[in-house]
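Got your viewer open? Grab a coffee and let's take a walk, one selection at a time.

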Amino acid sequence: MLPIRESGPAAGSGGSMPPSVRLGIAAALASLLALACEPRDRGAGTDAGKAGSSDVAARFAGETITVGELDQRVREELYRQATEDGDPAKVYEVRSQTLEAWIDERLVEAEAKARGMSAEDLLELEARKAAPVEQADVQRFFDHVKGRLGADAKVETYADQIRARLEAQSEGQAREQFVQSLREKAKVEVALEPPRVEVAADGPALGPADAPVTIVEFSDYECPFCKRAHPTVNEIVKRYPERVRFVYRHFPLDSIHPNARGAAEASLCAEEQGKFWQYHDLVFQASEKLGAETLRGVAEKAGLDLARYDACVQERRYRARVDADVAEGREARVSGTPAFFVNGIPLSGARSVEEFVEVIEKELARAGGQAAAS
């Protein structure tokens, strides 16, 4: 097998699912939506069984569990796991993913009915319209991953695997494009509003203060996912220079990243000299452990006055400020990093540029609509 993994949202990030995946889990997610609106009593297992299948799933000690009861328990457990801490962002995420899945499923079913076929056959038909995989595509993919396969690797050895993977990707894209065309034709309008968390935009910032969209990030300099998110943030700032303001706040995870707090405090010493962003970028580029020696080397490379920097770091001048960031992050239900708030809308994990763009564009449209109404 090819030792390659497809890139995508980090686990638990809550990234949007492609329609082909949504359709496969639509039934389970649709039940989550119902429970999100009207959670059922956990003790009503018998009633749930009557509403579902009466087939027996298990027998024990004179008792039985029906398939309907089992399905209801699964739905309740999935919902509980997703929302047990009462976090509005998690509740919204479950509802949002469920709603998107449900919309896709119903659109495909309606189109299939109109054509006199099953939804599965319709999606298979659309998948066959995928662009064919040419030998040049196989060679290009092989050249891209050859370094991971070994110096003696030959394209002939992996050609069938590569072709199968590329064909599966192409078919998946064809299905997604088809479902997207159905959504556009139906003029889907999602009215479900995301929760918003009040988070102060206090900290080093890029972009105009009056930008219609403000992104606040809580981050940890030793977190690999924060490092992964760093170029994404840079791309967003570059793409929206006048319409997005980005604010960086500190959330060192002391229990697993012992050097993150020191790096956070040191970065604010760099801000004192007007060079926060130079220092910030260099810290994320550093491959060594972020001990005092490495951080001082970063300070030197950033062009800081080292005597002033050393004095600031040694007296821990910005310890209280980092503590304040952590306290506000916890109040906003931040438990891991990176954690973003786009005009107060929570986005956790190392999200893709496309995911940020989707939220930003909606916020820009919302701001435009509000301006027109005023």
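## Stop one: the cavity

The largest cavity has a volume of about 40 Å³. Keep in mind as you look around that this is a predicted model. The structure holds one cavity of 30 Å³ or more. Rolling a probe the size of a water molecule over the atoms shows where empty space is left.

To see the walls, select Glu217, Cys226, Ala229, His230, Val233, Phe246, Tyr248, His280 and Phe284, which line the largest cavity. Now colour by element: helix H8 (224–239), strand E5 (244–250) and helix H10 (276–285) are the ones that give two or more residues to this lining. Which of the elements gives the most to the lining? That's H8, with four residues. Try colouring by class as well, and you'll get six nonpolar, two polar and one charged residues in the lining of the largest cavity.

## Stop two: the sheet

Next, switch to cartoon view and pick out the five strands of an open sheet, which go in the order E3-E5-E4-E6-E7 with mixed pairing. Strand E3 (205–206) and strand E7 (345–348) are the edges, and each of them pairs on one side only.

Zoom in on the E3 edge. E3 and E5 run antiparallel and are joined by two bridges. Select Ala205 and you'll find it opposite Val247 in E5.

Now bring the helices back. H10, which you met at the cavity, packs on the sheet and touches E3, strand E4 (213–219) and E5. Its direction makes about 65° with that of E5. Then select helix H13 (residues 319–331), which also packs on the sheet, touching E4 and E5. The direction of H13 makes about 105° with that of E5.

## Stop three: strand E6 and its partners

Move along to E6 (339–342). In a regular strand the side chains alternate between the two faces of the sheet. Show the side chains of E6: Ala339 and Phe341 sit on one side, Phe340 and Val342 on the other. Are these four buried or exposed? They are all buried, so both faces of E6 are covered.

Phe340 is a handy anchor for looking both ways. On one strand, E4, Glu217 stands opposite Phe340, and you've already seen Glu217 in the cavity lining. E4 and E6 pair in the antiparallel sense over four bridges. Over in E7, Leu347 is the residue opposite Phe340. E6 and E7 are antiparallel too, again over four bridges.

Follow the chain from E6 into E7 and you trace a hairpin with two residues between the strands.

## Stop four: backbone oddities

Stay in that turn and select Asn343, which lies in the loop between E6 and E7. Asn343 has a positive phi of about 50° although it is not a glycine. With a relative accessible area of 23%, Asn343 counts as partly exposed.

Go back to the loop between H13 and E6 and select Pro338. What is the peptide bond from Thr337 to Pro338, cis or trans? It's cis, with omega near -5°.

For the last pick, head for the loop between helix H12 (306–314) and H13, where you'll find Arg316. Arg316 isn't a glycine either, yet it has a positive phi of about 50°. Its relative accessibility is 35%, so Arg316 counts as partly exposed.

Terms used
Residues numbered from 1 in each chain as written. Predicted model: local features only at pLDDT ≥ 70, side-chain atom pairs only at ≥ 80, totals over all residues. Heavy atoms only, no water. 1 Å grid on protein atoms, 1.4 Å probe; cavity = no way out; pocket = protein on both sides within 12 Å on 5 of 7 lines; lining within 4 Å. Points joined across faces, edges and corners; volume = space filled by probe spheres on them. Nonpolar A, V, L, I, M, F, W, Y, C, P; charged D, E, K, R; others polar. Pairing = 2+ DSSP bridges. Contact = heavy atoms within 4.5 Å. Axes fitted to C-alpha atoms, helices over the stretch in contact; angles between N-to-C directions. Buried < 20%, exposed > 50% of the residue type's maximum accessible area, 1.4 Å probe, protein only.
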